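Me: Please take a close look at a single part of this model. I would like one connected account of a helix and its surroundings.

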Amino acid sequence: MSPPALLIEQHTQIVSAWQTRDAAAGEAAMTAHVQEIGRSVLELSRHIQDWFVLYSVRCALRR
């Protein structure tokens with residue numbers, strides 16, 4: 001799972017890019033953050049499968 005300090009740093013970079021209107025830095029920061037979150041979700045899904053199975057069932061029932 002992603003260390004909180006890393007996520008805070010990523011959010012800081014995203015906000016900084018937004019404040020300076022630096023689109024390239026914002027895109028790079030968001031890409032890195034989304035990839036990190038994706039890795040964390042994948043890792044969580046391997047360790048706590050019940051959460052993800054239950055979510056999948058709920059989504060299927062809503063259709």
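Reply: What follows is a walk along helix H2 and its surroundings.

This is a predicted model, in which local features need pLDDT of at least 70, side-chain atom pairs count only at pLDDT 80 or more, and totals for chains, interfaces and linings use all residues. Residues are numbered from 1 along each chain as its sequence is written, and side-chain values use heavy atoms, with hydrogens and water left out.

Start with the span. H2 covers residues 23-47, 25 residues in all. Helices here are DSSP runs (H or I, at least four residues), numbered from the N terminus. From first C-alpha to last, H2 reaches 36 Å, close to the 36 Å expected at 1.5 Å a residue. The expected span is 1.5 Å times one less than the number of residues.

Now the approach to H2. Arg21 sits in the loop between H1 and H2. Its phi is near 55°, a positive value in a residue other than glycine. Arg21 counts as exposed because its relative accessibility is 77%; the cut-offs are under 20% relative accessible area for buried, over 50% for exposed, and partly exposed in between (1.4 Å probe, protein chains only). Asp22 caps the N-terminal end of H2. A side-chain oxygen of Asp22 lies 3.3 Å from the backbone nitrogen of Ala24.

Next, the packing. Gly26, Ala29, His33, Glu36 and Ser40 of H2 are buried. The buried residues of H2 pack against helix H1 (4-19). The axes of H1 and H2 come within 8 Å and cross at roughly 155°. Therefore H1 is roughly antiparallel to H2 (angles over 145 degrees, on a scale from 0 to 180 between N-to-C directions). On the H1 side, the contact (heavy atoms within 4.5 Å) includes Leu6, Leu7 and Gln10. On the H2 side, Met30 and Ile37 are among the residues involved.

Met30 of H2 counts as partly exposed, because its relative accessibility is 38%. Met30 and Ile48 are 18 residues apart in sequence and 26 Å apart in space, C-alpha to C-alpha.

One residue outside the helices also reaches H2. Ser2 lies in the segment before H1. Ser2 is buried, with a relative accessible area of 9%. Its side chain makes polar contacts with the side chains of Glu36 (2.7 Å) and Ser40 (2.4 Å). A polar contact is a pair of N or O atoms within 3.5 Å; within protein, one must be able to donate a hydrogen and the other to accept it, and residues adjacent in sequence count only if both atoms are side-chain atoms. Not counting residues up to four places away in sequence, Ser2 touches Leu7, Glu36 and Ser40.

Technical notes: Helix = DSSP H or I, 4+ residues; strand = E, 2+ residues; numbered from the N terminus. Parallel < 35°, antiparallel > 145°, perpendicular 65-115°, else oblique.
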